[in-house]
Amino acid sequence: MASSAVAAPRSSSKTESYVDNKRKEDVRQANILAARTVADAVRTSLGPKGMDKMISTANGDVIITNDGATILNKMEVLQPAAKMLVELSKSQDAAAGDGTTTVVVIAGALLKQCLVLLSHGIHPTVISDSLHKVSIKAVDVLTAMARPVELSDRESLVKSASTALNSKVVSQYSTLLAPLAVDAVLSVVDPAKPEIVDLRDIKIVKKLGGTVDDTETVKGLVFDKKTSHAAGGPTRMEKAKIAVIQFQISPPKTDIEQSIVVSDYTQMDRILKEERNYILSMIKKIRSTGCNVLLIQKSILRDAVTDLSLHYLAKAKILVVKDVERDEIEFITKTLNCLPIANIEHFREEKLGYADLVEESSLGDGKIVKITGIQNMGRTTSVLVRGSNQLVLDEAERSLHDALCVVRCLVSKRFLIAGGGAPEIELSRQLGAWAKVLQGMESHCVKYFAQALEVIPYTLAENAGLNPMTIVTELRNRHNEGEINTGINVRKGQITNIWDENVVQPLLVSTSAITLATECVRMILKIDDIVTVR
């Protein structure tokens, strides 16, 4: 069940105080404290000067990251309410892609204030309703602060992607990765549906070796594998006619697991001859369509190709890439503008894709296959990410994913807002002023939630080694004077106009963080018991 906790002090007034029973109070308090512990664990990784976490998994793998979603996803959280913060971070990652640490830190700060309000004798439902109103008001305030942006304004999109990358381990490569992310997203935007971007149309291929500087966008396809040239087959093909096949070019097997005993040599020769004829007839049919490149899906039933079939394919001068993953087929066929072929009987020329060049090239200590110059290419793109070791490579991929998500946010909701704690301190100021207009318990709750939002600038200053009290006080004063885009410049260690410093982020990241954090806190707040089912 839930661990017991010391009861919070109650107000002496019997008329205004809501007296809850002891058990419900203990469960609620235990939930809030468990969730706050999770929030405090990731709080130090917020911002450009945030600390990184080294995560050691059960199987001995090591991950170094400061991405909130990754840290929480790898943490083994047992307490049910604390798990909700892990899910909260995943929701933010799905909705906006960035701000996964911010959303958890805000939720932790709101829960802290909820604990104070509960100790004042305010009913959880009143607190929850006030929080809902705060969420709606906050979105209005943030929208009023935002500036519209056009997709043609590439510079603003790059600034936004750079801001997302500045807090990552690979922040020194933001000048390379940010434009790359912008170009990749813009290349897959469909003019018929200009507000929808499917990131599955951007394939990230990781290849060990080189540095992150060697990362590049490939207009075509990249396979992190070599061509099958066991039998001396071609490794380069110009004017390629490409087929994506989902059947096996190997002798058929029986449907059930059984052994066939052949005692006569003539019978054995007959079997081998039949196998050769079977494979040859398939390859002749493939060659008759003019196909000269085969992409073969990985098979789980039997070998997709045998040494014999590779030998005949090499003789027919057909380039073969085998063991293509099942989940890559959709991306490949969309890029090549062709159809996957599930049976040799359906092998026709109209199902082929066409490209100027398919070639195998050496990269690092391995090889890759590139398909370029694709005719009638679909709206997809491939990004080849390089890194000197596996830790850097994985973090570069995660950082690039965040940058792609940020640009996707701007495509769907074309507004930019200042970063550096400016939106949060402005929210705190405006909600504080709004609390004075409200009456009763609602006013009291809103005032406390307004104070909670100061946790973001406070944490940014703290993680940058600045004096948080001085910084937040000065920031509050500047915002009171009407400088709404003033934020913390952690690089210079002072307060500046953050918009002029090009520290900007999509409006969707901020609004999503506030909305999701308040939803999660309201849910935790209204839990008064934990029932364990065996």
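This is a short talk on the pocket, one sheet and some helix packing in the structure above. Keep in mind that the model is predicted.

Start with the space. The largest pocket holds about 680 Å³. Its lining counts 35 residues. Closest to the centre are G47, P48, T163, L460 and Q505. What is the lining made of, by class? Polar residues number 17, nonpolar 12 and charged 6.

Now, which elements give two or more residues to that lining? Five are helices and one is a strand: α4 (100–119), α6 (154–165), α12 (422–437), α14 (455–463) and α16 (507–525), plus β15 (486–489).

Take two of those helices, α4 and α14. They pack at about 115°. Their axes lie 10 Å apart. The crossing of α4 past α14 is right-handed. On the α4 side, T102, V105, I106 and A109 make the contact. On the α14 side, the residues are V455, I456 and T459. By class, that is 5 nonpolar and 2 polar residues, with no charged ones.

Next, the sheet. It is open and has 3 strands, in the order β3-β14-β17. The pairing is antiparallel. Which strands sit at the edges? β3 (147–148) and β17 (504–506) do, each pairing on one side only. Between β3 and β14, residues 415–418, there are 2 bridges. R147 stands opposite L416 of β14.

Last, back to α6. This helix also gives residues to the pocket lining. It lies across β14 and β17. Relative to β17, α6 runs at about 95°.

That's the tour.

Definitions and conventions. Residues numbered from 1 in each chain as written. Predicted model: local features only at pLDDT ≥ 70, side-chain atom pairs only at ≥ 80, totals over all residues. Heavy atoms only, no water. 1 Å grid on protein atoms, 1.4 Å probe; cavity = no way out; pocket = protein on both sides within 12 Å on 5 of 7 lines; lining within 4 Å. Points joined across faces, edges and corners; volume = space filled by probe spheres on them. Helix = DSSP H or I, 4+ residues; strand = E, 2+ residues; numbered from the N terminus. Nonpolar A, V, L, I, M, F, W, Y, C, P; charged D, E, K, R; others polar. Pairing = 2+ DSSP bridges. Contact = heavy atoms within 4.5 Å. Axes fitted to C-alpha atoms, helices over the stretch in contact; angles between N-to-C directions. Left-handed = near helix turned anticlockwise from the far one by under 90°.
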